[in-house]
Amino acid sequence: MEAERRAADVEERAWFEQVYRQNVDLLFRVGRRLLDSDENPDTLYDMVQEIFLLLWDRRETLKTHPNIGGWLMAALKFRILGERGRVTRRALRHAYSLDDDGTAPVSDRALSPEERAVFAGHVQAIRRLLKPDMAELFI
């Protein structure tokens with residue numbers, strides 16, 4: 001029983017190492033193209049490592065995946081879009097965290113129709129400044 005488990009562990013590690021070697025360079029090349037040049041270079045490294053950790057955690061189901069390279073690319077794409085969305089939401093939260101007089105903003109329900117229209121205009125202006133894939137994330 002113990003010998004079978006060790007053999008399975010060795011097989012899983014060999015599978016993982018093969019998938020890693022075959023895909024890691026491509027993930028970095030694609031990731032560099034998808035990320036802005038002003039992004040922290042460690043960000044991409046962290047993302048790729050997180051994707052391979054996810055692969056290892058899900059190895060039982062992914063070992064039989066028909067296109068593991070495609071799965072890795074999709075995971076990278078969604079990870080980058082998620083990171084961009086977090087950065088955008090964080091920047092907007094900060095930008096709108098205080099009113100002009102330095103007080104905390106009131107909820108949308110407390111805004112008058114005129115104030116809501118002004119806010120909606122700001123949101124639309126911000127969406128026009130974003131790249132198309134970022135604008136989709138920004139609601």
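This is a short dialogue about reading the core and the aromatic rings of a predicted model.

Student: Where should I start, and which residues have the most contacts inside the largest nonpolar core?

Tutor: A nonpolar core is a set of buried residues such as Val, Leu and Phe, joined through their side chains. Here the largest one has 20 residues, and V48, F52, L55, W71 and L72 have the most contacts inside it. The elements giving two or more residues to this core are α1 (2-34), α2 (41-57) and α4 (68-95).

Student: Let me pick F52. Which residues does F52 touch, leaving out those up to four places away in sequence?

Tutor: F52 touches F16, V19, Y20, N23, V24, L27 and L72. F52 also belongs to an aromatic cluster, together with F16, Y20 and W56.

Student: How many aromatic pairs does the structure hold?

Tutor: There are 4. One of them is F28 with Y45, a stacked pair with 6.4 Å from centre to centre and 15° between the planes. This pair links distant parts of the chain, since F28 lies in helix α1 and Y45 in helix α2, 17 residues apart.

Student: Are F28 and Y45 buried or exposed?

Tutor: Buried means under 20% relative accessible area. F28 has 16%, so F28 is buried. Y45 has 45% relative accessibility, so Y45 counts as partly exposed.

Student: And where do the charged ends of R59 and K77 sit?

Tutor: Look for a charged end placed over a ring. That of R59 sits over the ring of W56, 3.8 Å from its centre. The charged end of K77 sits over the ring of F78, 4.8 Å from its centre. You met W56 before: W56 is part of the aromatic cluster with F52.

Note on methods. Residues numbered from 1 in each chain as written. Predicted model: local features only at pLDDT ≥ 70, side-chain atom pairs only at ≥ 80, totals over all residues. Heavy atoms only, no water. Core = buried A, V, L, I, M, F, W, Y, C linked by side-chain atoms within 4.5 Å. Buried < 20%, exposed > 50% of the residue type's maximum accessible area, 1.4 Å probe, protein only. Helix = DSSP H or I, 4+ residues; strand = E, 2+ residues; numbered from the N terminus. Contact = heavy atoms within 4.5 Å. Phe/Tyr/Trp six-rings, centres within 6.5 Å; stacked < 30°, edge-to-face > 60°. Lys NZ or Arg CZ within 6 Å of the ring centre and 35° of its normal.
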